[in-house]
Every structure is written in C-alpha cells, then in structure tokens.
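These exercises practise reading a protein chain from its structure. Each one sets a task and then works through a solution step by step.

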Amino acid sequence: MKKSLSPLLLCLGAALILTSTSCGSDDEDPGGGYEFIDQNLQGTIDGIPFEFGEGTFESSFFTEGAISLDLYDSNEEFDNVCEFIGFGDQVKIFFEVTDEVGLYELSFDLNSFSGQTVTLFNPEGSVNNIATLGAVEILSITDTQLTGRMDARMDAENAVNGNFTVVFCAEN
C-alpha cells in the first residue's frame with residue numbers, strides 16, 4: 001500500500017503546484033482592465049485617427065461636486081477654447097468625474113443606468129460612442145488646469161489612450 005500511495009501523493013503535489021503557478025490572481029493585473037500609455041492622448045473615434053490638441057474643464061451644470069471635461073482633436077482650431085460655444089461640430093471626448101484627484105474605472109450597468117463612461121464623439125452623423133471599458137485618472141487639479149490620463153475603449157474603432165492637460169474655464 002505504501003508504494004501505491006506515494007505516486008498518488010506525488011501526482012497530487014504536482015497538480016497543486018501546477019494549479020497555483022498557472023492560474024493568475026487578481027493581484028497580477030493591478031490595472032483592472034486598463035493600461036495607461038505615456039503619450040499624448042490619441043487613438044480612434046469611429047475608426048478615424050484622434051489626437052488630443054486642447055481642452056477645458058468646468059464645474060458640472062448637471063451634477064453638484066462634479067466637473068465636466070471636453071477634450072478636442074488637434075485638428076480643431078480655437079481662438080480661445082474657453083470662449084468656444086459648440087453644439088456638436090467638433091470631434092471630441094467628453095465626460096464628467098467627481099471634482100477630485102482619483103482613479104475612475106469605466107463601467108455601465110444597464111439595470112440601474114449607472115456607472116462611469118467617456119463619450120467619444122464624431123460629428124459626422126452625430127455619433128456618441130460610449131466607452132465603458134478602461135479608466136480615467138485625474139492626476140492634479142489647480143485653479144487653472146487639470147492633468148490626467150485615460151485608457152477608454154468601446155471597441156476596436158473607438159479607443160483612446162494617453163495623457164492630457166486641460167484649462168479651467170469659469171462658468172459663463
């Protein structure tokens with residue numbers, strides 16, 4: 001009996017070692033489904049190249065304690081981005097977050113209509129592509145500017161990643 005039990009214990013021990021080393025743990029993916037790339041924010045919106053040019057942030061009109069951000073493509077030109085009033089003519093990214101430094105993982109719950117999203121907007125056809133995968137991280141907020149980074153994705157044709165700095169625009 002001793003001889004037949006020894007190979008069984010050896011196989012069981014080997015199986016435990018293989019299982020513990022081959023199965024990853026949640027700790028091995030600290031990004032939780034996102035990975036920020038250290039570059040100027042860029043990617044695609046509706047399959048069209050997007051590269052961040054300039055943007056703004058201001059207190060949210062809709063949510064107390066939140067800020068609204070608008071990030072415009074580098075092809076968009078403004079005399080003064082804070083004086084710009086547009087109604088869907090520019091390729092842009094927009095979203096709201098709490099008015100504080102922090103990490104905001106993207107998600108959306110259809111049952112409660114809640115979560116954190118980023119809208120990747122294409123004015124051709126007025127398409128709002130809603131990114132629910134990835135994250136936005138606000139790194140710093142001052143009286144004049146905000147710096148952050150994001151990895152926001154909806155699908156292969158709607159994804160952006162990188163760093164951005166936007167200016168504060170007082171409410172009009």
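**Exercise 1. Classify L110 as buried or exposed, and say where it lies.**

Solution. The model is a predicted one.
Step 1: L110 has a relative accessibility of 63%.
Step 2: The cut-off for exposed is over 50%, so L110 counts as exposed.
Step 3: L110 is located in the loop that runs between β5 (102-105) and β6 (118-122).
Step 4: Together with F108 and F113, L110 makes a nonpolar surface patch of about 370 Å².

**Exercise 2. Classify N129 as buried or exposed, and describe its surroundings.**

Solution.
Step 1: Locate the residue: N129 belongs to strand β7, residues 127-131.
Step 2: The relative accessible area of N129 is 5%.
Step 3: Buried means under 20%, so N129 is buried.
Step 4: List the neighbours. Leaving out residues up to four places away in sequence, N129 touches I45, D46, V118, T119, L120, M154 and N158.
Step 5: Look for polar partners. The side chains of N129 and D46 make a polar contact at 3.2 Å.

**Exercise 3. Describe how strands β8, β9 and β10 are joined.**

Solution.
Step 1: Take β8 (residues 133-141) and β9 (residues 145-155). These strands run antiparallel and are joined by eight bridges.
Step 2: Find the connection: a hairpin of three residues links β8 to β9.
Step 3: Pick one pair across these strands: V136 stands opposite M150 in β9.
Step 4: Go on to β10 (residues 158-168). It runs antiparallel to β9, with 10 bridges between them.
Step 5: The hairpin between β9 and β10 has two residues.
Step 6: Pick one pair here as well: D151 has N161 in β10 as its bridge partner.
Step 7: Add a general rule for reading such strands: in a regular strand, side chains alternate between the two faces of the sheet.

**Exercise 4. Summarise the whole chain: which elements does it have, and what share of its residues is buried?**

Solution.
Step 1: Count the elements: there are one helix and 10 strands.
Step 2: Put them in sequence order: the pattern is α-β-β-β-β-β-β-β-β-β-β.
Step 3: Of the 172 residues in the chain, 33% are buried.
Step 4: Turn to the surface. The accessible surface is about 10800 Å², and carbon and sulfur atoms account for 53% of it.
Step 5: Among contacts with a separation of 6 or more, 57% are between residues 24 or more positions apart.

Notes:
Residues are numbered from 1 along each chain as its sequence is written. This is a predicted model: local features need pLDDT of at least 70, side-chain atom pairs count only at pLDDT 80 or more; totals for chains, interfaces and linings use all residues. Side-chain values use heavy atoms; hydrogens and water are left out. Helices (H or I, at least four residues) and strands (E, at least two) are DSSP runs, numbered from the N terminus. Buried means under 20% relative accessible area, exposed over 50%, partly exposed in between (1.4 Å probe, protein chains only). A polar contact is a pair of N or O atoms within 3.5 Å; within protein, one must be able to donate a hydrogen and the other to accept it, and residues adjacent in sequence count only if both atoms are side-chain atoms. Contact means heavy atoms within 4.5 Å. Accessible areas come from the Shrake-Rupley method with a 1.4 Å probe; for residues, only the protein chains shown count as cover. Patches are made of residues with over 30% relative accessible area and no salt bridge: like charges are joined within 9 Å, nonpolar side chains (Val, Leu, Ile, Met, Phe, Trp, Tyr) within 5 Å. A salt bridge is a side-chain nitrogen of Lys or Arg within 4 Å of a carboxyl oxygen of Asp or Glu. Two strands pair if DSSP finds at least two bridges between them.
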